[in-house]
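Please find below a short note for discussion. It takes up selected features of the structure in turn and may be read alongside the sequence.

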Amino acid sequence: MLTKAPRGTYDILPGDSSKWHYIESIMKETAEVYGYREIRVPIFEHTELFQRGVGETTDIVSKEMYTFNDKSGRSLTLRPEGTASCARALIEHSSYAGLLPVKWYYIGPMFRYDRPQTGRYRQFHQFGAEAFGSNNPYLDGEVIMLLLEVLARLGLEEYELHLNSVGCPQCRGQYRQRLIDFIRPYQDNLCPDCQARYINNPLRVLDCKNETCHQAIEGYPTLAANLCENCLNHYDQVKGALAQQGITFIHDDKLVRGLDYYTNTAFEIHIPGIGAQSAVGGGGRYNGLVEQCGGPDLPGIGFALGIERLLLAVEQRGEKLPSPPEMDVFIAVMDSAYEAQGMKILQMLRGAGIKAEKDYNNRKARAQMKFADKIGARLVILLGEEEVEKGFITLRNMRTKEQFQVAESDMLRAVSRTLLID
Ligand code: AMP
């Protein structure tokens, strides 16, 4: 029986959707204040885009993609992240030919086949921002500030910002070789994954989740000590931009993105106390990505925040999130003969922007009042024989229990006034 959603997916029921609206509105407002505009890209793309734009050697591409052939045999993939699609859209629409930098944000579902656990799903949601067309270190600073401002507006002041620089293809190329040479004598002590990848992708050994790999390479040459002068300057300026705003960070030499088109700044945000999956977001500079996806040589930087983990963090802090909006008015029709009249009033109220509801299940008068109470109606309009005959309505304030009568022609004004005062 198909009674459950697929593993790793879940429903956002109406009782929770107001929390999502709230979080998303904060993200949108903050991004707009920072000059980022919304882009909406497809949920699926050609598989090749992610192979090129995320990288064949990443866990995402090698293990976690939802890939399928469509009816014409094209290989398509449900997007596992947003950056590659943004780079593709930038190239496809030649958006780089206009004003630079191009600053975009997105919000939406992403898909990764991973083992579900708290804070980890197969369909999850990200808010992300990307800025293309400038290598200015202050832009790196801005992107991080945007991310932190979203956290601050959500009341999340306790976080750890991990920061590193992965250099440029030149200095990283030399560094890679140094790291391979260092690791080689200890290769037997690495986990099977790292044994297989340390030659092709030695930087991935640094961020391996396996503690034994960290022990095996103790005393390894650090990235920071091997940056070229340009990259060192860039990193210093990013740190300076953050320090100037009073933003504290932890230099984390093991924070790497082991792909050639990632350059310079890499960062990750952790919120302690939300479980094993404490990373709520991460990002960095990717000066080689646009070219890698078939576009011009254009620098870029961005981040993605996981919305589920943010919600978890906000709720764990005991922060009160908005609950579903209550109802303004309920129309209680005392007899089905007055239903048409009830509907007319209902639509008049709604037309004036007042949230209004009526009974559709033939409830008795008392049951309708109970229903009105349960849905949180602030006012009830009673419509009985006398009311319909004489052309007035009875208005009941559900909080004070006061009841009064007004002419039907005065109904809108009376309802609006009572809602405002109460
Ligand atoms: P990444 O694109 O891997 O850098 O992830 C950025 C952020 O997205 C992470 O810090 C998480 O908050 C969130 N995220 C990534 N994968 C998942 C997942 N499977 N389930 C829920 N959130 C995720």
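1. In this predicted model, helix H1 (residues 14–33) packs against helix H12 (residues 307–316) at an angle of about 110°, and their axes are 11 Å apart. Angles of 65 to 115 degrees count as roughly perpendicular, and H1 is therefore described as roughly perpendicular to H12. From H1, the residues Lys19, Trp20, Ile23 and Met27 take part in the contact, and H12 contributes Ile307, Glu308, Leu310, Leu311 and Glu315. Sorted by class, the contact of H1 with H12 holds six nonpolar and three charged residues, with no polar ones.

2. A second helix pair is formed by helix H2 (residues 47–55) and helix H4 (residues 83–92), whose axes come within 9 Å and cross at roughly 105°. This crossing angle makes H2 roughly perpendicular to H4. On the H2 side, Leu49, Phe50, Gly53 and Val54 meet Ala84, Ser85 and Arg88 of H4. The residues of the contact of H2 with H4 comprise four nonpolar, two polar and one charged.

3. Where does glutamine 126 lie, and is it buried or exposed? Glutamine 126 belongs to strand E6 (residues 123–132). Its relative accessible area is 8%; because buried means under 20%, glutamine 126 counts as buried. When neighbours within four places in sequence are set aside, the contacts of glutamine 126 include Glu81, Gly82, Tyr106, Ile107, Gly108, Met110 and Arg112. Ala304, Leu305 and Ile307 are also in contact with glutamine 126. Ile307 appears as well among the H12 residues that meet H1.

4. How many disulfides does the structure hold? The number is zero. Cysteine 191 is in no disulfide, and the nearest cysteine sulfur, that of cysteine 213, is 3.6 Å away. A disulfide requires a pair of cysteine sulfur atoms within 2.5 Å, so this pair does not qualify. Cysteine 191 has 9% relative accessibility and counts as buried. Cysteine 194 is likewise in no disulfide; for this residue the nearest cysteine sulfur is that of cysteine 208, 3.7 Å away. Cysteine 194 also counts as buried, at 0% relative accessibility.

5. The final point concerns the division of the chain. The domain assignment of the protein chain gives domain 1, made up of 14–168 + 228–316, and domain 2, which covers 329–421. The C-alpha centres of domain 1 and domain 2 lie 49 Å apart.

Key
Residues are numbered from 1 along each chain as its sequence is written. This is a predicted model: local features need pLDDT of at least 70, side-chain atom pairs count only at pLDDT 80 or more; totals for chains, interfaces and linings use all residues. Side-chain values use heavy atoms; hydrogens and water are left out. Domain bounds come from an automatic or database domain assignment. Axes are lines fitted to C-alpha atoms, for helices over the stretch in contact, and angles run from 0 to 180 degrees between N-to-C directions. Helices (H or I, at least four residues) and strands (E, at least two) are DSSP runs, numbered from the N terminus. Angles under 35 degrees count as roughly parallel, over 145 as roughly antiparallel, 65 to 115 as roughly perpendicular and the rest as oblique. Contact means heavy atoms within 4.5 Å. Ala, Val, Leu, Ile, Met, Phe, Trp, Tyr, Cys and Pro count as nonpolar, Asp, Glu, Lys and Arg as charged, and the others, Gly among them, as polar. Buried means under 20% relative accessible area, exposed over 50%, partly exposed in between (1.4 Å probe, protein chains only).
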